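Open the structure in your viewer and keep the selection tool at hand. The tour goes stop by stop, with something to select at each one.

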Protein chains: 2
Amino acid sequence: MAQDDASTDSGRTKPTINDVAARAGVSKKTVSRVINGSSLLTDSTREKVQTAIKDLGFVPNPQARALALRRNFLIVLLHDNPNAQTVLNFQKGVLEAIKDSDLALVVRPVERASPTILDDVRGFFEKQRPLAALLLPPISERADLAALCAEMGVRYVRVGSAVLDDDRHSIASNDRDVVQAVCTKLTDMGHRRFGFVRGPQGFRSAAEREAGFLAAMDAAGITHDPSMTVEGNYRFESGIAAGETLLSRSPRPTAIFAGNDEMAAGVVHAARQMGIQVPEQLSIIGFDDSPTASHIWPPLSTIRWPIIDMGRIAAQKLVPDFLPERAYKFPLPDVLDSTFIDRMSIAPPQD
Amino acid sequence: MAQDDASTDSGRTKPTINDVAARAGVSKKTVSRVINGSSLLTDSTREKVQTAIKDLGFVPNPQARALALRRNFLIVLLHDNPNAQTVLNFQKGVLEAIKDSDLALVVRPVERASPTILDDVRGFFEKQRPLAALLLPPISERADLAALCAEMGVRYVRVGSAVLDDDRHSIASNDRDVVQAVCTKLTDMGHRRFGFVRGPQGFRSAAEREAGFLAAMDAAGITHDPSMTVEGNYRFESGIAAGETLLSRSPRPTAIFAGNDEMAAGVVHAARQMGIQVPEQLSIIGFDDSPTASHIWPPLSTIRWPIIDMGRIAAQKLVPDFLPERAYKFPLPDVLDSTFIDRMSIAPPQD
DNA sequence: AAGGTATAAGACACCGGTGTCAAATGCAAG
DNA sequence: CTTGCATTTGACACCGGTGTCTTATACCTT
């Protein structure tokens, strides 16, 4: 295999751009142009260089490129989302998209409550100089973080339950519409007395889902009593508390929509403690299609949002020019549909 | 604030090592020594330089260092673990440890089944040249991956249910011991007929937990019928199937240990379908303390492994020389204790 | 065939640090 | 007050690419 000195050498140590240049008989700048897909190249030159690259098994050094370009080939996932499954699925989608690229995904949790959050992120950006950032809810709702990205030349996409930015910087699910549609199913079944377990203040998802619920009530001609809306914090325990509150009202609601599955599971728990049968005496719907939803009894009817796809599309919006296969087609959607997963927690009201 | 030209300038563009050198009246190499904590420096020189660094707000450029050192300040998390909560908690621990360092965490899922896994990882290492890698189970069990890390000069730590490597390269939970202890609680309660839902072949955790279970049987003088061990794949559905199998045996087991919470939840599900009361007629114990465990009814007694701590300690073992605060003390442990979380799924047998 | 212009390729400095080795400095001993 | 040696500091090349500007080549025109 050792046909000349250069290739003998290449067996031991990684070939550099200089080795390629020497072998192809061109300058390193020309090799650089080939790597970067410059259009001002003769076909024959390009071929020569590509052959040399292949022969040598040359892989450009990302650190050197990063230094010269003042930009790292990193996508940062900025998040403070408490739902592990959501975060991991989103990661999965992103990683799927960047699989065969030169990019890597770095995770960076941030603290929503921290007063120094902007400085923290700025410091991180200054150090790592990432190419792009992905903002997961709820911090995706912070306009100041998006502005910081823009200011520092970091591309970004904001992920949310509703469109949060212009189409280049946003990917969203249609929470409001899907919740309205699903709650309308319930009114069509004959339910008239509803309880609603809201997500916490400051979460756009909570507001969107509530808006969808209210719209369904409106459409069915039902006046929703505000005292039948209870606020939780998206966690199981708050669902129990909310369930206890709502189910001790008289008359009792026959259907409860909870802002997410954890809280819905809490409501189921409360119902069991109070001896209320689900779904016969009480219909419950959650949101997320988390593992909990299918593991509890009865299995929860819930709404699955396409979080993996959102991750993939977010990455595609972010760095289309870095992704090898352009198998996807433009324009990329801004809103993705969620789907209703009907399991066993809903039924028509009794009597 | 602008006291001289240099500081005026530093407001616009980031200061470099040259600016610091000029301000401190030393060479850039000396500044470099200060940054890297070289010991052959006069105290007065060090101070001068540190003052200049502080005045200018100088932050070394990681890309440049990466190029010169041929090493990126990246820790890679290599995983193919299906349990989102586990992965995310581990990430959390790692991130906690590297919080104020120059390091970043990048996630890289790998496919256990892929025949090209070694080449994939090698390619990734060649491109990103990470400083270190963290191997999560089950791929942490692959010695060839560890060898690859060693060969490519990537520090690594393997995480597992038992010590998988020497103490510098391993952090483990004590699955076998804790399972033995917990199952002994069950025998002490009076249980004699046990079912065991094993994790899948090829998972060390499955083998360890089984060994612990068997040891407890042994210690209690119980001969465990091998047909009362059923293998699952760590997922809910396989737990249902295993539960159906075990609970249709006659005489029925009065206690079932499942290799993880998902499968335990499946067993609970199967028991309910068959009209068997938990825990009155059947005690069930899981492993992981996943959200599912506390959300189902009855809440599962389970074992919590200290995955966040394992992440933190893994990072500390990996890059002690890069972590700012040496608040932790050596030697770092190799094995961390899991704890039994007693909820409501166990009770003495009815006889 | 000469001149003019568009285009391809190259020379060289530069990104911002670190390694090597030589030079300068400090201090003890003669 | 030298000399000798250990220690501290600096000069300079180098890590492996890219940007800018210049030069060489190719293609048209007249």
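**Stop 1: where two strands meet across the chains**

Select A:V107 and B:L105. In this predicted model, A:V107 stands opposite B:L105, a residue of β2(B). Now select A:L105 and B:V107. Here A:L105 faces B:V107, again in β2(B). Widen the selection to strand β2 of chain A, residues 104–109. Three bridges tie this strand to β2(B), and the two run antiparallel.

**Stop 2: the other neighbour of β2(B)**

Stay on β2(B) and add strand β1 of chain B, residues 74–79. Six bridges join β1(B) to β2(B), and this pairing is parallel. For one opposed pair, pick B:L78 and B:R108, the latter in β2(B). How does the chain get from β1(B) to β2(B)? Select helix α6 of chain B, residues 84–97, which the chain passes through on the way. This β-α-β crossover is right-handed.

Is β2(B) buried or exposed? Colour residues 104–109 of chain B: six of the six are buried, so the strand is largely enclosed by the rest of the structure. Check both faces. On one side sit B:A104, B:V106 and B:R108, all buried. On the other side, B:L105, B:V107 and B:P109 are buried too.

**Stop 3: the contact between the chains**

Show the residues where chain A and chain B touch. Each side is listed in turn: 33 residues from chain A and 33 residues from chain B. Now keep the chain A side. Which elements give two or more residues to it? They are α5, α6 (84–98), β2, α7 (117–128), α12 (261–273) and α13 (291–295) of chain A. The largest share, six residues, comes from α6(A). Colour this side by class and you get 19 nonpolar, nine polar and five charged residues.

**Stop 4: around DNA strand C**

Select DNA strand C and its surroundings. It is surrounded by 24 residues. The closest are A:L40, A:T45, B:I17, B:S32 and B:A68. Two or more residues come from each of α3 (28–35) and α5 (62–69) of chain A, and from each of α3 (28–35) and α5 (62–69) of chain B. Highlight α5(B): it gives the largest share of this surface, five residues. By class, the surface near DNA strand C holds 12 nonpolar, eight polar and four charged residues.

**Stop 5: around DNA strand D**

Move to DNA strand D. 24 residues surround this strand. Pick the closest: A:I17, A:S32, A:A68, B:T30 and B:T45. The elements that give two or more residues here are α3 and α5 of chain A, together with α3 and α5 of chain B. Which element gives the largest share of the surface near DNA strand D? Select α5(A), with five residues. The classes are 12 nonpolar, eight polar and four charged residues.

**Stop 6: an open sheet in chain A**

Select β7, β6, β8 and β9 of chain A. These four strands form an open sheet in the order β7-β6-β8-β9, with parallel pairing. At the edges lie β7 (229–231) and β9 (283–285), each pairing on one side only. From one strand to the next, the twist averages 15°.

Zoom in on β6, residues 194–198 of chain A. Three bridges link β6(A) to β7(A), and the two run parallel. Select A:R198: its bridge partner in β7(A) is A:E231. Then add helix α10, residues 204–219 of chain A. The helix packs on the sheet and touches β6 and β8 (255–258). Its direction makes about 165° with that of β6(A).

**Stop 7: backbone details in the loops**

Select A:V278 and A:P279. A cis peptide bond joins them, with omega about 10°. A:P279 sits in the loop between α12 and β9 of chain A. Jump to chain B: the peptide bond from B:V278 to B:P279 is cis, with omega near 5°. B:P279 lies in the loop between α12 (261–273) and β9 (283–285) of chain B.

Next, pick A:D288, in the loop between β9 and α13 of chain A. Its phi is near 125°, a positive value in a residue other than glycine. A:D288 counts as buried because it has 25 C-beta neighbours inside 10 Å.

Last, select B:R70, in the loop between α5 and β1 of chain B. This residue, not a glycine, has a positive phi near 55°. B:R70 is exposed, with 11 other C-beta atoms within 10 Å.

Terms used
Residues are numbered from 1 along each chain as its sequence is written. Chains are lettered from A and ligands numbered from 1 in the order in which they are written. This is a predicted model: local features need pLDDT of at least 70, side-chain atom pairs count only at pLDDT 80 or more; totals for chains, interfaces and linings use all residues. A residue is buried if 20 or more other C-beta atoms lie within 10 Å of its own, exposed if 12 or fewer, and partly exposed in between; C-beta atoms are placed from the backbone. Two strands pair if DSSP finds at least two bridges between them. A crossover is right-handed if, with the strands pointing away from the viewer, the path from the first strand over the helix to the second runs clockwise. Axes are lines fitted to C-alpha atoms, for helices over the stretch in contact, and angles run from 0 to 180 degrees between N-to-C directions. Two residues are in contact if their C-beta atoms, placed from the backbone, lie within 7 Å. A residue is near a molecule or strand if its C-beta atom, placed from the backbone, lies within 6 Å of it. Ala, Val, Leu, Ile, Met, Phe, Trp, Tyr, Cys and Pro count as nonpolar, Asp, Glu, Lys and Arg as charged, and the others, Gly among them, as polar.
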